[in-house]
Amino acid sequence: MNLKRTRKMLRTGLALGLTAALAGGASWSAFSSTATNGGNSFAAGTVSLSDNDAGQALLSLSGAKPGDSQASCLKATYAGTLPASVRLYASATGGLAPYLNLVVTRGTDPAASFPSCGGFTADTTNYIGQGAGVVYSGTLAAFPSSYGAASDEPLASSPESWTQGESHSYRFTVTLANNAAAQGLTGSATFTWEARNE
Amino acid sequence: MSVRRLLRQGGLGVLAGLALAAALLCGWRVQAGAGTLGLDLTLRSASSGELEVLPAAPLAHVSALRPGGPPLTGTMSVRNQTGLPLRAAFRAAPSLHDTDAALWLELRAGRRVVVRDPLSRLRGSTGGLRLRSGERRELTVRAWLPAGAASGWRGRIVDVSLVPEVKPA
């Protein structure tokens, strides 16, 4: 009886072992297959702003008399992949800057052709209370001279984040003031649009 | 019920369980597929200050481009918005370089081929298109994997931006 019972138990144990081995083997087969994930890539974003001046000057007044004025337009395009805020500032030199009145108006120009303002349309927003689209009105000397002194476009209180492909046109109108002290003076200016992702 | 009978029934149960387990494990195996994934490709344009490129949205997209298959085709218009005549070239900026050897691009202005090269040769600007101030031109862009294309395209998802680079003509 003991021998029979032992055999039975052995058979039972063998069957259980076989089942476990088969299930374990099948599970191992199922779980041992591999999957690969290649082609992972890493790239930093970009901040890139450019304009359509092709190296040409935007404004040029020569032999000007009081009240003489010139208007030119420039289109700035943002091509960076990261959203960025943009500030406009200028580096002005020479004694004439306090006698040059400057109005900068932001708008759109679907057919921009530097420095023409033929297709320019001002933004409808009255940003600073000086008229539709006007973002600056004052003398060239008082124009913000650095990134820190300037404010985010178009208005400090409602800065805009530029995204890839976004563009804005700017009309610059400069007028020589009616002031005898301006006689014989000269000046120059470099305008800079600076985009930063912050 | 005797102990012997119980053991006999238990043995039969174990055998039945063994058979069932074997059947289930063999039957539930997922058969391996015979196909391969294609290339998921998006062509994009990018404007610069000097050159307006439209549309701003992706030019074209395909989800399973394969070697020898029909090319992905899109059109874009470029316009010189400076006051000078320009020579415009294009550089391809892919999001992934795996397909550089396999993927070919062609830019065509009317019948004239501006550039026709594998992506690897388009990392630097190539080709050239002369544009007068204010002039607009339509360009056709084609991308394809030639039959027998090198590896590196299977299952990849790639965005290729065509970045304009200009200089005075």
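This report describes a predicted model, moving from the fold of chain B to its contact with chain A and then to one residue of chain A.

## Composition of chain B

Chain B holds one helix and 10 strands, and, read from the N terminus, its elements follow the order α-β-β-β-β-β-β-β-β-β-β, with the helix ahead of the strands. Of the 169 residues in chain B, 33% are buried.

The contacts within chain B can also be described by their separation along the sequence. Among those with a separation of 6 or more, 75% join residues that are 24 or more positions apart.

## The five-stranded sheet

Five strands of chain B form an open sheet in the order β2-β4-β9-β6-β7, and their pairing is antiparallel. At the edges of this sheet are β2 (51-54) and β7 (112-118) of chain B, each of which pairs on one side only, while the twist from one strand to the next averages 20 degrees.

Within the sheet, strand β6 of chain B, which spans residues 104-109, pairs with strand β9 of chain B, which spans residues 136-144, in the antiparallel sense and over five bridges. At the level of individual residues, R108(B) has T140(B), a residue of β9(B), as its bridge partner.

## Contact between the chains

Between the two chains, 27 residues of chain B are in contact with 28 residues of chain A. On the side of chain B that touches chain A, the largest share comes from helix α1 of chain B (residues 3-27), which supplies 10 residues. By residue class, that side of chain B divides into 12 nonpolar residues, 12 polar residues and three charged residues.

## The surroundings of P115(A)

In chain A, P115(A) lies in the loop between β4 (100-108) and β5 (121-122). P115(A) counts as buried because 21 other C-beta atoms lie within 10 Å, where the cut-off for a buried residue is 20 or more.

If neighbours within four places in sequence are left aside, the contacts of P115(A) are with L58(A), S72(A), C73(A) and L74(A) in chain A, and with G83(B) in chain B. This loop residue of chain A therefore has a contact partner in the other chain, G83(B), given that two residues are in contact when their C-beta atoms lie within 7 Å. A further spatial relation links P115(A) to R171(A): the two residues are 56 residues apart along the chain, and their C-alpha atoms are separated by 9.2 Å.

Terms used. Residues numbered from 1 in each chain as written. Chains lettered and ligands numbered in written order. Predicted model: local features only at pLDDT ≥ 70, side-chain atom pairs only at ≥ 80, totals over all residues. Helix = DSSP H or I, 4+ residues; strand = E, 2+ residues; numbered from the N terminus. Nonpolar A, V, L, I, M, F, W, Y, C, P; charged D, E, K, R; others polar. Buried ≥ 20, exposed ≤ 12 C-beta atoms within 10 Å, placed from the backbone. Pairing = 2+ DSSP bridges. Axes fitted to C-alpha atoms, helices over the stretch in contact; angles between N-to-C directions.
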